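Colleague: I would like a close look at a single part of this protein. Please take me through how that part packs against what surrounds it.

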Amino acid sequence: MGRDNDKKTILAMAAVAIAFGALTIKSGGAVLFFNGEARVAAGHYVEFVVWFNFFAGFAYIVAGVGMLRRATWAVGLAAFIALSTMAVFMAFGVHVVSGGEYEMRTVMAMSVRSLVWLTIALLADSRLSQRRKVYP
């Protein structure tokens, strides 16, 4: 039962990572590269946050593929994504406190991204790490 549960958890993490990555690339790319509805709808977006998220989307997909392959390096990549997302979120906080314009949905989106990647990193560590203890 434990192995089946691990497989399901890994598949779910990978699916979330890959889908989240594709959506992130699409939405970030629309704001960054097309001067149209997406940019107008984004309102007072914070450019460094959008650029970070756009590039992070590619890392999300790579991490998801690594998880599907049960590669132990995916654990480190997931942790890096989580930590770098939280660092950018803190930099965004400095931008806000300094009086920079922003959208409240950016606060929500970065909160969700941080929580999702922290959860994925912790689950990946427990399911994929070579340090994992095996009990009889």
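In which crossing, left-handed or right-handed, does helix 3 pass helix 4?

Modeller: Helix 3 passes helix 4 in a left-handed crossing. Please keep in mind that this is a predicted model. Let me set the scene, then work through helix 4 and its two partners.

The chain has 5 helices and 0 strands. Read from the N terminus, the order of elements is α-α-α-α-α. The C-alpha atoms fill a box of roughly 55 × 30 × 20 Å along the principal axes. Of the 136 residues, 38% count as buried. Take the contacts between residues at least 6 apart in sequence: 73% of them join residues at least 24 apart.

Now helix 4 itself. It covers residues 73–97. Its 25 residues, at 1.5 Å each, should span 36 Å, and the end C-alpha atoms of helix 4 are 36 Å apart, so expectation and model agree. The buried residues of helix 4 are Ala74, Val75, Ala78, Ile81, Ala82, Ser84, Thr85, Val88 and Phe92. What covers them includes helix 3, residues 47–68, and helix 5, residues 104–128.

Start with the helix 3 side. Two packed helices are described by the angle between their axes and the distance between the axes. Here the axes of helix 3 and helix 4 come within 9 Å. They cross at roughly 165°. An angle over 145 degrees counts as roughly antiparallel, and helix 3 and helix 4 are therefore roughly antiparallel to each other. By class, their contact has 16 nonpolar, 4 polar and no charged residues. From helix 3 come Phe48, Val49, Phe52, Ala59, Tyr60, Val62, Ala63, Gly66 and Met67. They meet Trp73, Ala74, Leu77, Ala78, Ile81, Ser84, Thr85, Val88, Ala91, Phe92 and His95 in helix 4.

The loop between helix 3 and helix 4 holds Arg70. Arg70 has a positive phi of about 55°, although it is not a glycine. Arg70 has 41% relative accessibility, so it counts as partly exposed. After helix 4 comes Gly99, which also has a positive phi, near 95°.

Now the helix 5 side. The axes of helix 4 and helix 5 come within 8 Å and cross at roughly 155°. That makes helix 4 roughly antiparallel to helix 5 as well. Helix 4 passes helix 5 in a left-handed crossing. This contact divides into 18 nonpolar, 4 polar and 2 charged residues.

Helix 5 passes the length check too. Its 25 residues should span 36 Å at 1.5 Å a residue, and the end C-alpha atoms of helix 5 are 35 Å apart, which agrees. Buried in helix 5 are Thr106, Val107, Met110, Arg113, Ser114, Trp117, Ile120, Ala121, Ala124 and Leu128. Met104 is also found in helix 5. At 51% relative accessibility, Met104 counts as exposed, because the cut-off is over 50%. Met104 and Gly57 are 47 residues apart in sequence, and their C-alpha atoms are 21 Å apart in space.

Helix 3 has other contacts to look at. Asn53 sits in helix 3. Its relative accessibility is 9%, so Asn53 counts as buried. Setting aside residues up to four places away in sequence, Asn53 touches Thr24, Met110 and Arg113. Met110 and Arg113 are among the buried residues of helix 5.

Last, a residue from helix 1. Leu32 lies in that helix, which runs over residues 2–33. Leu32 has a relative accessible area of 12%, so it is buried. Leaving aside neighbours within four places in sequence, Leu32 is in contact with Arg39, Val50, Trp51 and Phe54. Leu32 and Ala59 are 27 residues apart in sequence and 18 Å apart in space, C-alpha to C-alpha. Ala59 is one of the helix 3 residues that meet helix 4.

To pull this together: what covers the buried residues of helix 4 includes helix 3 and helix 5. Helix 3 and helix 4 are roughly antiparallel, and so are helix 4 and helix 5. The helix 3 contact has no charged residues, whereas the helix 5 contact has 2.

Technical notes
Residues are numbered from 1 along each chain as its sequence is written. This is a predicted model: local features need pLDDT of at least 70, side-chain atom pairs count only at pLDDT 80 or more; totals for chains, interfaces and linings use all residues. Side-chain values use heavy atoms; hydrogens and water are left out. Helices (H or I, at least four residues) and strands (E, at least two) are DSSP runs, numbered from the N terminus. The expected span of a helix is 1.5 Å times one less than its number of residues. Buried means under 20% relative accessible area, exposed over 50%, partly exposed in between (1.4 Å probe, protein chains only). Contact means heavy atoms within 4.5 Å. Axes are lines fitted to C-alpha atoms, for helices over the stretch in contact, and angles run from 0 to 180 degrees between N-to-C directions. Angles under 35 degrees count as roughly parallel, over 145 as roughly antiparallel, 65 to 115 as roughly perpendicular and the rest as oblique. A crossing is left-handed if the near helix is turned anticlockwise from the far one by less than a right angle, and right-handed if clockwise. Ala, Val, Leu, Ile, Met, Phe, Trp, Tyr, Cys and Pro count as nonpolar, Asp, Glu, Lys and Arg as charged, and the others, Gly among them, as polar.
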